Amino acid sequence: MANFIFWVFLILVLSYLSNRVNGKATFKEIHADVDGKLKQLNKPAVKTIQSDDGDIIDCVNIYKQPTFDHPALRNHVIQMKPSFNFKEMEFNSKNWSSKLTVFQTWQKSGSCPKGTVPIRRIRREDLLRTKSVQQFGRKPQEVVLKSNTTIEHKDGRFPSINSNALAFPAVVNRSAAILVKVGANYTGAKANINVWNPNVESEDFTTAQVWLKAGPNDNFESIESGWTVNPQLYGDKKTRLFAHWTKDSYKTTGCFDLQCSGFIQTSSKIALGAAISPISMELGQQYYITIGIYMDENTNNWWLIFGNGIAVGYWPASTLNALKNSATMVEWGGQVYSSNVRKSPHTKTAMGSGKFASSLKGNACSMENIAIVDFSTQLQYPPEVTTLAEENYCYTALNHQDGSESLPTFYFGGPGQNYNCP
């Protein structure tokens with residue numbers, strides 16, 4: 001076993017070395033980079049919990065979390081809880097709370113004491129998987145072709161908005177199937193997100209999430225949360241809770257979870273990046289997580305609310321620009337990040353459950369009880385929403401309504417590579 005571990009470690013080191021510029025980095029330099037990053041990310045623990053799924057959760061003093069390495073936050077006074085108290089309006093089910101039975105695997109092995117926050121420990125092998133230690137934990141920059149270039153599937157089919165084909169600016173390393181609300185002055189959004197564990201190829205990742213955005217399309221700010229399967233980042237193919245942010249369309253800022261400064265955690269109960277379970281089964285029991293992102297109008301901090309009202313933490317207003325006062329766009333749905341979207345052969349990485357949106361409940365991934373908040377501070381179903389599928393023969397989007405008495409459920413996803421998406 002020891003020899004196996006040694007050879008795995010050696011292969012990871014050699015892989016990392018081959019990705020350095022001109023391959024000139026020395027073994028000593030690699031270790032210095034990795035050790036420095038590990039020290040930056042993994043703060044001293046008050047208590048350590050070994051999860052059944054192999055994760056290590058460190059209970060870190062709330063004032064010692066990595067975010068406070070940011071110069072703009074070193075004198076920041078933590079807001080321990082939001083000043084708002086939204087009554088969670090569940091539109092589609094009188095007994096919705098009975099469905100929200102998802103938990104995080106590490107919670108079966110212990111709990112963090114008051115005054116600490118649970119942080120998933122980053123390991124040496126996590127950093128050695130990445131192409132750049134300094135880029136660890138970031139979403140890839142969206143690669144947009146020239147402004148006069150449009151997305152077109154190789155057989156001539158275009159993406160669709162509300163089932164209408166159209167030309168659309170090309171982002172060549174990402175494919176999305178989403179519900180969109182565009183306007184101004186949104187101060188919150190939520191959804192109950194159906195939890196699945198789709199197939200993901202090792203270099204790719206897939207998400208099901210809620211976004212709030214502001215700013216120009218080529219340099220937007222975004223705060224977002226949901227679930228992801230991301231083997232490159234987390235080292236496995238488990239479904240995990242995540243949060244992410246960026247100030248410049250993922251170019252140079254932002255990261256997942258607490259892997260850079262930008263999100264202040266306050267909850268001792270929820271660990272960003274930790275695995276969630278159970279997972280929905282095809283034609284069987286369906287499981288959901290509730291994700292809410294709301295601006296506190298007293299501080300302009302954006303709070304992440306999980307499940308039945310757990311305040312996980314917040315993105316501080318002092319580190320934001322366009323999102324300081326409100327969002328101008330809200331999106332719900334899924335994305336696949338891969339270098340093999342809009343190519344042949346297409347990636348086999350799935351979105352949602354891996355089934356197309358038209359499969360509906362029990363088959364396709366769904367979002368229910370979708371809502372926005374504006375300056376009226378009332379949760380409401382968003383009027384005049386739009387669906388967008390960027391590769392309509394690989395991943396689809398459908399806002400479906402069962403009768404005039406109910407509000408729509410949003411379905412999205414697909415298998416990636418298939419007969420019509422070769």
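Select C112 to start. Its relative accessibility is 8%, so C112 counts as buried. Keep in mind throughout that this is a predicted model.

**Stop 1: the C59–C112 link**

Now add C59 to the selection. A disulfide joins C59 to C112, with an S to S distance of 2.1 Å. The torsion about the S-S bond is -80 degrees, and the link of C59 and C112 is left-handed. This pair ties together distant parts of the chain, 53 residues apart. C59 sits in strand β2 (residues 56–61). C112 sits in the loop between β3 (103–104) and β4 (116–120). C59 is at 0% relative accessibility and therefore counts as buried.

**Stop 2: the C255–C260 link**

How many disulfides does the structure hold? There are three disulfides. For the next one, select C255 and C260. They are joined with an S to S distance of 2.1 Å. The torsion about the S-S bond of C255 and C260 is about -90 degrees, so this disulfide is left-handed. Check C255 on its own: its relative accessible area is 0%, so C255 is buried.

**Stop 3: the C394–C421 link**

Move to C394 and C421. Their sulfur atoms lie 2.0 Å apart, forming a disulfide. Is this disulfide left-handed or right-handed? The torsion about the S-S bond of C394 and C421 is about 90 degrees, so the disulfide is right-handed. Here too the pair links distant parts of the chain, 27 residues apart. C394 is in the loop between β20 (386–389) and β21 (396–400). C421 is in the segment after β22 (409–413). Both ends are out of sight: C394 is buried, with a relative accessible area of 0%, and C421 counts as buried at 0% relative accessibility.

Step back to the connectivity. With the bonded cysteines of the chain numbered in sequence order, the pairing reads 1-2, 3-4, 5-6. Then select one further cysteine, C365. C365 counts as buried, at 0% relative accessibility.

**Stop 4: the nonpolar cores**

Show side chains for W227, I289, W302 and W332. These are the residues with the most contacts inside the largest nonpolar core. That core has 73 residues. Apart from it lies another core, of 21 residues. To find this other core, select F205, Y234, Y337 and L388, which are among its members.

**Stop 5: the cavities**

Turn on a cavity display. The structure holds three cavities of 30 Å³ or more. Go to the largest cavity, which contains about 100 Å³ of space. Which residues line the largest cavity? Select L41, N42, P66, I119, R120, I122, D257, L258, Q259, L272 and G273. Color the lining by residue class: six are nonpolar, three polar and two charged.

**Stop 6: a buried glutamate**

Select E142. It is found in the loop between α3 (124–129) and β5 (160–161). Is E142 buried or exposed? E142 is buried, with a relative accessible area of 12%. That follows because buried means under 20% relative accessible area. What does its side chain contact? Add R174: the side chains of E142 and R174 make a polar contact at 3.1 Å.

**Stop 7: two cis peptide bonds**

Select S277 and P278. The peptide bond from S277 to P278 is cis, with omega near 0 degrees. P278 lies in the loop between β13 (276–277) and β14 (288–295).

Next, select S344 and P345. The peptide bond from S344 to P345 is cis as well, with omega near 5 degrees. Look for P345 in the loop between β17 (327–337) and β18 (365–374).

**Stop 8: positive phi**

Stay in the loop between β17 and β18 and select R342, which is found there. Phi of R342 is near 60 degrees, a positive value in a residue other than glycine. R342 is partly exposed, with a relative accessible area of 21%.

Finish at N369, in strand β18. N369 is not a glycine, yet its phi is positive, at about 55 degrees. Is N369 buried or exposed? At 1% relative accessibility, N369 counts as buried.

Key
Residues are numbered from 1 along each chain as its sequence is written. This is a predicted model: local features need pLDDT of at least 70, side-chain atom pairs count only at pLDDT 80 or more; totals for chains, interfaces and linings use all residues. Side-chain values use heavy atoms; hydrogens and water are left out. A nonpolar core is a set of buried Ala, Val, Leu, Ile, Met, Phe, Trp, Tyr and Cys residues joined through side-chain atoms within 4.5 Å. Buried means under 20% relative accessible area, exposed over 50%, partly exposed in between (1.4 Å probe, protein chains only). A disulfide is a pair of cysteine sulfur atoms within 2.5 Å. Helices (H or I, at least four residues) and strands (E, at least two) are DSSP runs, numbered from the N terminus. On a 1 Å grid over the protein atoms alone, a cavity is a set of points where a 1.4 Å probe fits but cannot get out, and a pocket is an open set with protein on both sides within 12 Å along at least five of seven lines; lining residues have an atom within 4 Å of a point. Grid points are joined across faces, edges and corners, and a volume is the space filled by probe spheres set on the points. Ala, Val, Leu, Ile, Met, Phe, Trp, Tyr, Cys and Pro count as nonpolar, Asp, Glu, Lys and Arg as charged, and the others, Gly among them, as polar. A polar contact is a pair of N or O atoms within 3.5 Å; within protein, one must be able to donate a hydrogen and the other to accept it, and residues adjacent in sequence count only if both atoms are side-chain atoms.
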